[in-house]
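This report looks at one helix and its surroundings, moving from the helix itself to the core that it helps to build. Please keep the sequence and the 3D view at hand while reading.

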Amino acid sequence: IDKALLAILACPENHTPLSEADEELLAKVNEAICTGQVNNRAGEAVTEALAGGLVCQDGRLLYPVRDGIPILLVDEAIPLDSIP
């Protein structure tokens, strides 16, 4: 994600700043996705591994980045407290 773009993006739910997910978090989320343990806020199963993600400042939600585009829809967010 371009640093200038990241500086103006905010969580659409609570309007806090977003930061890029680190490799460790992405690996943990992708492992859970591979085992079918991840649902987004809409309750739909997440089936595609993530190449990137943006995390809310409070660390509760991860917004996926697909093909370099941040998907900033609340229903698409992955609640991180549900990741084993």
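On the face of α2 that is turned away from its buried side sit the exposed residues Glu23, Glu24, Glu31 and Cys34. The model is a predicted one, and in it the buried residues of α2 are Leu26, Val29, Asn30, Ala32 and Ile33. Seen down the axis of α2, these buried residues fall within an arc of 160°, so they line one face of the helix. What covers the buried residues of α2 includes three strands, β2 (52–56), β3 (61–66) and β5 (78–79).

The length of the helix can be checked against its number of residues: at 1.5 Å a residue, the twelve residues of α2 should span 16 Å, and because the end C-alpha atoms of α2 are 16 Å apart, the two values agree. After α2 comes glycine 36, whose phi is positive, near 75°.

One residue of the buried face deserves a separate look, namely asparagine 30, which is found in helix α2. Is asparagine 30 buried or exposed? Its relative accessible area is 16%, and because buried means under 20%, asparagine 30 counts as buried. Leaving aside residues up to four places away in sequence, asparagine 30 touches Ala49 and Leu50. The distances that tie asparagine 30 to this part of the chain are set out below.

| From | To | Distance |
|---|---|---|
| Asparagine 30, side chain | Leucine 50, backbone nitrogen | 2.6 Å |
| Asparagine 30, C-alpha | Alanine 51, C-alpha | 8.9 Å |

Asparagine 30 and alanine 51 in the second row are 21 residues apart in sequence.

The largest nonpolar core has 13 residues, of which Val29, Val38, Leu50, Leu62, Ile78 and Ile83 touch the most other members. Helix α2, which runs over residues 23–34, gives the most to this core, with four residues. Which residues does valine 29 touch, not counting residues up to four places away in sequence? The contacts of valine 29 are Val38, Leu50, Leu62, Ile78, Leu80 and Ile83. Leucine 50 thus appears both among the contacts of valine 29 and among those of asparagine 30. There is also a second, separate core of ten residues, which includes Leu9, Cys11, Cys56 and Ala77.

Key
Residues are numbered from 1 along each chain as its sequence is written. This is a predicted model: local features need pLDDT of at least 70, side-chain atom pairs count only at pLDDT 80 or more; totals for chains, interfaces and linings use all residues. Side-chain values use heavy atoms; hydrogens and water are left out. A nonpolar core is a set of buried Ala, Val, Leu, Ile, Met, Phe, Trp, Tyr and Cys residues joined through side-chain atoms within 4.5 Å. Buried means under 20% relative accessible area, exposed over 50%, partly exposed in between (1.4 Å probe, protein chains only). Helices (H or I, at least four residues) and strands (E, at least two) are DSSP runs, numbered from the N terminus. Contact means heavy atoms within 4.5 Å. A polar contact is a pair of N or O atoms within 3.5 Å; within protein, one must be able to donate a hydrogen and the other to accept it, and residues adjacent in sequence count only if both atoms are side-chain atoms. The expected span of a helix is 1.5 Å times one less than its number of residues. The arc is that of the directions from the helix axis to the C-beta atoms.
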